[in-house]
Amino acid sequence: MAEAYSPVEAYIPAEEAAKLLSMSYKGFMTRLYRNPSAYVTKLEPREGGGKPCVLVSVSSLPPRAQQLYWKEQAKSLQRRMADEATKGKGTPWYVEADYIAFQDLHHAEFMAALEQLQAYRPLLSMTQAERAEAVKRLARETGETERTIYNRYEALCEAQAWAFRKEEETGYGYDLIYMPMALCRKPREKGLFYTLTEIQRKKIASIWFRPGFVENEPSMKLAYQIFKEESKAEGLPEAGSYATVKRFIQAMMRDPLTAQAHYLAAKGARKFEANRVMKQRRNTKALDVLELVQGDGHTCDLWVEVTDENGKKRAIRPTLVCWIDTRSRVPLPRSLPARRGLPFPSRTPPRSRRMMRIPFR
């Protein structure tokens, strides 16, 4: 079994052998002293002197322990290769990119990269001579240069290294995420406005939200003129063109939170609450009968003559008022007769009782 994992005889310290066997060091040494022929061992002198170190042959361990050992060795080798592949290099764009959003926006390019991955992935497990022959064959089949194929191979090696590092951190596989994205072009970032410095961007935003300016709903051209005048007065870098400032303000207003903040500054808190704040809905099923009533009035389209207490006559337009119970949705009568059996809860608020006693006018 040991020869299937490594052609070279490997020896490990007794402490490591005990861990592979899920035993304590003392328990393993006790087993070794009781049955010395169970494992192949040798002694190695320590550098600082003292008692020699006991080394155990991996091939003499049980098959399960051998599998664990060579699996750890393979991981250690992959870790060293990943460190060498990513040493001195920055983080690739696909490590911090949103995989789902990229696949939605660039679906055709991503599917083409998956097909390319099937042809390029065998290069990762080939020797140098085999890889050189495979690159020549791919160049003849695809019509691309060998340098292009080698560049993609190096990109796949880097993506595989980052996928291994990410898998060690999270425990999830990233091969089928990073490797296809490594064969795709980096998406162009929009809305960066390289011609505007950070100070200029802050200046434009402060002008666009300035009290006394935003309430009048000014145009972007006016904001650009103020930006030019203040930049010249404060000694800031030369202002960009009007088209650049306009695109920056439009990109800023596409952000939902920024648009809401601009509406609040321009219209005020009262209008903002009326038009933009989410309204709440009352749970009418939890109310008792006559706990809450609602009223509405309708002004009639006619004139009537009324006489006041002092005898003076005047013309008015009467208003028809109706009250309904919110829970049962039943209209209330003109007056509330005090007779026995009327459904009038004792805990009805006094304010509701006063409201219900208002007669029609």
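Which residues, leaving aside its neighbours within four places in sequence, is L156 in contact with? In this predicted model, the contacts of L156 beyond that sequence window are L117, Y120, L124, M179 and L183. L156 is also listed with Y94, Y120, L123, I149, A159 and Y178 as the residues that have the most contacts inside the largest nonpolar core. That core has 25 residues. At least two of its residues are supplied by each of the helices α5 (93-96), α7 (107-120), α8 (128-142), α9 (146-170) and α10 (175-182). The greatest contribution to this core is that of α9, which gives six residues. Another core lies apart from it and has 18 residues, including A10, M29, V56 and W70.

Two of the helices that supply the largest core, α7 and α10, also pack against one another, at an angle of about 100° and with their axes 8 Å apart. Angles of 65 to 115 degrees count as roughly perpendicular, and α7 is therefore roughly perpendicular to α10. On the α7 side the contact is made by F110, A113, L114 and L117, which meet L176, M179, P180 and M181 of α10. In terms of residue class, this contact between α7 and α10 comprises eight nonpolar residues, with no polar and no charged ones. L117 of α7 and M179 of α10, both part of this contact, are also among the residues that L156 touches.

At the level of the whole protein, the model contains 16 helices and seven strands. Of its 361 residues, 27% are buried. When contacts between residues at least 6 apart in sequence are considered, 55% of them join residues at least 24 apart. The accessible surface of the protein amounts to about 25,600 Å², and carbon and sulfur atoms account for 52% of that surface.

Individual buried positions were examined in a strand and in a helix. S57 is placed in strand β3, which spans residues 53-57. Because its relative accessibility is 1%, S57 counts as buried. Leaving aside neighbours within four places in sequence, S57 is in contact with E9, A10, Y11 and V40; A10 is one of the residues of the 18-residue core. H262 is located in helix α14, residues 256-267. The relative accessibility of H262 is 15%, so this residue also counts as buried, the cut-off being under 20%. With neighbours within four places in sequence again set aside, the contacts of H262 are W208, F209, V214 and M253.

Backbone geometry was considered at two loop positions. E217 has a positive phi of about 50°, although this residue is not a glycine. The loop that holds E217 runs between α11 (198-208) and α12 (220-234). E217 has a relative accessibility of 52% and therefore counts as exposed, the limit for that class being over 50%. R329, likewise not a glycine, has a positive phi of about 60°. The position of R329 is in the loop between β7 (319-325) and α16 (350-356).

How values were computed:
Residues are numbered from 1 along each chain as its sequence is written. This is a predicted model: local features need pLDDT of at least 70, side-chain atom pairs count only at pLDDT 80 or more; totals for chains, interfaces and linings use all residues. Side-chain values use heavy atoms; hydrogens and water are left out. Helices (H or I, at least four residues) and strands (E, at least two) are DSSP runs, numbered from the N terminus. Buried means under 20% relative accessible area, exposed over 50%, partly exposed in between (1.4 Å probe, protein chains only). Contact means heavy atoms within 4.5 Å. A nonpolar core is a set of buried Ala, Val, Leu, Ile, Met, Phe, Trp, Tyr and Cys residues joined through side-chain atoms within 4.5 Å. Axes are lines fitted to C-alpha atoms, for helices over the stretch in contact, and angles run from 0 to 180 degrees between N-to-C directions. Angles under 35 degrees count as roughly parallel, over 145 as roughly antiparallel, 65 to 115 as roughly perpendicular and the rest as oblique. Ala, Val, Leu, Ile, Met, Phe, Trp, Tyr, Cys and Pro count as nonpolar, Asp, Glu, Lys and Arg as charged, and the others, Gly among them, as polar. Accessible areas come from the Shrake-Rupley method with a 1.4 Å probe; for residues, only the protein chains shown count as cover.
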